[in-house]
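Trainee: Could you take me through one part of this structure closely? I would like to see how a single piece connects to what surrounds it.

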Amino acid sequence: GSFIMELWLGSKASATKYAELLKAGPPEGWKPTMKCSAFKSQEGLPPVAQAAASTAIIKIAGTLIAGEAGWMRMFGILGYEEVKAAVYEVMTSDNFDSVVFYVDSPGGAVNGLQSTMAAMSQLAKMKPSVVYAENACSAAYWVSAGAGPIVASELSTLGSIGAVVQLRNVVKALDDEGVKVHTFKSGSLKMAGNPYEELSEEAKEHYQKMVDTCAEIFMKDVATARGLKQETLKKAVGDGRTMHAKEALQNRLIDKIGTLSDALKIVQADVKRRSRAR
């Protein structure tokens, strides 16, 4: 699929899975439904959110993609628009006085990421919020960074701060089959990276610049959200490493090693403090 020419903030496995699903298309008999509450099941899919008394738990689970995942949610993919819909529902509901973002994701697409982070951060300013990170890597960590204190278990996987573009080239394979593709374009970088021609040095520099720029914005957003110096963050985790909770705590990527119950206690205690302060 063409997505391989997009900036991707996730694992190779997640990118490959997404590409295969795009190619396969929806399963036979799939019927999209009208939008309904994030707290209700749709077409047999689990709800994006659930209630724990007056605390909403928004589940950011699976590979993250632009728009709505729809039928691809059956295969462990979630759309940024589905996350934002849940966020706005909780934001405008009187049924919930706090929120826990349960994150279990290897990351995913760049498109839609910053607006999702902004929505989550806005909700965190309005209601006591905390992130429980079971697995928050790359794009999943990025969107979580500004959504309140981050709690992770000892074996949680975190970090992977950086960006990637992966390009596929099939020139030799087509040549072996006797197939020649002619491409007519208006500029040297128009359709740069398409699989039907060799990648020029100019195109390589172009994509490396895109990756580096995205990574710098990633660092900036995380550093701002976590109250860190960008240079310090880059020196500590700029190589794109993933890490468990102990190392993440040392690098101030998380605030506490604990459980989902600990995350719930944090927001519920914050609700009580705010109530007493009124």
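Mentor: We start with one strand and follow its contacts outward. Keep in mind that this model is predicted.

Take strand β3, residues 55–61. Is β3 mostly covered or mostly open? It is mostly covered: five of its seven residues are buried.

Now look at its partners. Strand β2, residues 49–52, pairs with β3 in the antiparallel sense, over four bridges. In that pairing, Ala49 stands opposite Ile58 of β3. The two strands form a hairpin, with two residues between them. Ala53 sits in that turn and has a positive phi of about 60°.

β3 also pairs with strand β6, residues 98–105. Here the strands run parallel, and seven bridges join them. Find Ile60: it stands opposite Val103 in β6. A general point helps when you look along any of these strands. In a regular strand, side chains alternate between the two faces of the sheet.

Next, the packing. Two residues you have just met, Ile58 and Ile60, are among those with the most contacts inside the largest nonpolar core. Leu9, Val87 and Phe101 are the others named with them. That core has 69 residues. Which helix gives the largest share of this core? Helix α6, residues 201–226, does, with eight residues. Another core, of eight residues, lies apart from it. Its members include Ile57, Val130, Val151 and Val267.

Phe101 shows how such contacts gather. Leaving out residues up to four places away in sequence, Phe101 touches Ile58, Ile60 and Val87, among others. Its other contacts include Met120, Leu123, Tyr132 and Ala147.

Thr55 leads us to a helix. Gln268 touches both Ala52 and Thr55, again not counting residues up to four places away in sequence. Gln268 lies in helix α9, residues 260–277. Why is Gln268 called partly exposed? Its relative accessible area is 34%, and partly exposed means between the 20% and 50% cut-offs. Gln268 is also 160 residues from Gly108 in sequence, and their C-alpha atoms are 31 Å apart.

Compare that with Ile150, in strand β9, residues 150–159. Its relative accessibility is 1%, so Ile150 counts as buried. Arg226 is 76 residues away along the chain, yet the two C-alpha atoms are separated by 9.9 Å. Ile150 and Arg226 touch. Ile150 also touches Val131, Tyr141 and Leu253, among others.

Finish with helix α1, residues 12–24. Its 13 residues should span 18 Å at 1.5 Å a residue, and its end C-alpha atoms are 18 Å apart, so the two values agree. Which residues of α1 are buried? They are Ser14, Ala15, Tyr18, Ala19 and Leu21. These cover an arc of only 165° around the axis, so they lie on the same side of α1. The other side has exposed residues: Lys12, Ala13, Glu20, Lys23 and Ala24. The buried residues pack against β1, β4 and β5. Just after the helix, Gly25 takes a positive phi of about 80°.

One last stop is Ser37, in the loop between α1 and β2. Its side chain reaches the backbone nitrogen of Phe39 at 3.0 Å. Leaving aside neighbours within four places in sequence, Ser37 is in contact with Gln42 and Glu89.

Technical notes. Residues are numbered from 1 along each chain as its sequence is written. This is a predicted model: local features need pLDDT of at least 70, side-chain atom pairs count only at pLDDT 80 or more; totals for chains, interfaces and linings use all residues. Side-chain values use heavy atoms; hydrogens and water are left out. Buried means under 20% relative accessible area, exposed over 50%, partly exposed in between (1.4 Å probe, protein chains only). Two strands pair if DSSP finds at least two bridges between them. The expected span of a helix is 1.5 Å times one less than its number of residues. The arc is that of the directions from the helix axis to the C-beta atoms. Contact means heavy atoms within 4.5 Å. A polar contact is a pair of N or O atoms within 3.5 Å; within protein, one must be able to donate a hydrogen and the other to accept it, and residues adjacent in sequence count only if both atoms are side-chain atoms. A nonpolar core is a set of buried Ala, Val, Leu, Ile, Met, Phe, Trp, Tyr and Cys residues joined through side-chain atoms within 4.5 Å.
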